[in-house]
Amino acid sequence: MGRWLDGRGELVVHGEKDGERGGERDGFAVPLEMATSYRARTKGLLGRDSVDGALLLSPAGSVHTFRMRFPIDVAYLDRRLRVIAVRTMKPGRLGLPRLRSRHVLEAEAGVMEGWGVRVGVRVEIVVE
């Protein structure tokens, strides 16, 4: 869970009990882009028509969708990478800050439900 750099990796979504098994890497894997520098976080998904997999903004406690071209799912993660809230946001919206949020995942609207991303689920970041 350390500090990541801008780049690519994989998001592994564990079931509610999967993450408790002591390091097994079972779960649903999704391509991940990591935006950890100020410049990369500021750009985020602006100017894109879609995203392949998910985008991790870290550190982040809130997001906005001004100047975005498509609706997105937003998952707020605590410091242990546990999902504390999931919202779908239309373009032109300002998300409320989440006090315990340390990281934010963004993806195209509707896909997180299919991945099993919901409150209480733990995710894992695997760096390439």
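**Hairpin, confidence and salt bridges in a predicted model**

Author: Strand 4 and strand 5 form a hairpin with 5 residues between them, and Leu81 in the turn has a positive phi of about 65°. This is a predicted model, in which local features need pLDDT of at least 70, side-chain atom pairs count only at pLDDT 80 or more, and totals for chains, interfaces and linings use all residues. Residues are numbered from 1 along each chain as its sequence is written, and side-chain values use heavy atoms, with hydrogens and water left out.

Reader: How do you know that strand 4 and strand 5 pair?

Author: Two strands pair if DSSP finds at least two bridges between them. Strand 4 (residues 72–77) and strand 5 (residues 83–89) have 6 bridges in the antiparallel sense, so the criterion is met. One of the bridge partners is Ala85 in strand 5, matched with Tyr76.

Reader: What makes a stretch a numbered helix or strand, and in which order do the elements of the protein run?

Author: Helices (H or I, at least four residues) and strands (E, at least two) are DSSP runs, numbered from the N terminus. The protein has 2 helices and 7 strands, in the order β-β-α-β-β-β-β-α-β.

Reader: What is the mean pLDDT of the protein, and where is the pLDDT below 50?

Author: The mean pLDDT (the predictor's confidence in each residue, from 0 to 100) is 90, and 90% of the residues reach 70 or more. Over residues 17–24 the pLDDT is below 50, and this stretch has 7 contacts in the model beyond near neighbours in sequence, a contact meaning heavy atoms within 4.5 Å. Where pLDDT is low, the predicted coordinates should not be read in detail.

Reader: Why is Ser101 called buried?

Author: Buried means under 20% relative accessible area, exposed over 50%, and partly exposed in between (1.4 Å probe, protein chains only). Ser101 has 6% relative accessibility, and therefore counts as buried. Ser101 lies in the loop between strand 5 and strand 6 (103–108). Leaving aside neighbours within four places in sequence, Ser101 is in contact with Ala60, Gly61, Tyr76, Leu77 and Ile84. Of the 128 residues of the protein, 44% count as buried.

Reader: How do you know that the side chains of Glu33 and Arg8 meet in a salt bridge?

Author: A salt bridge is a side-chain nitrogen of Lys or Arg within 4 Å of a carboxyl oxygen of Asp or Glu. The N to O value for Glu33 and Arg8 is 4.0 Å, so this pair is counted. The pair links distant parts of the chain, with Glu33 in strand 2 (residues 28–35) and Arg8 in strand 1 (residues 7–13), 25 residues apart. By this rule the count comes to 3 salt bridges.

Reader: What makes Arg8, Glu33 and Arg48 a network?

Author: Glu33 also meets Arg48 in a salt bridge (2.8 Å, N to O), and Arg8, Glu33 and Arg48 are thereby linked in a network. Arg48 lies in the loop between helix 1 (38–43) and strand 3 (54–57), 15 residues from Glu33.

Reader: Why are Arg8 and Arg48 called partly exposed?

Author: Arg8 counts as partly exposed because its relative accessibility is 49%, and Arg48 because its relative accessible area is 21%.

Reader: What does Asp49 form with Arg69?

Author: Asp49 forms a salt bridge with Arg69, the closest N and O atoms being 3.0 Å apart. Asp49 is in the loop between helix 1 and strand 3, and Arg69 in the loop between strand 3 and strand 4, 20 residues apart. Asp49 and Arg69 are exposed.
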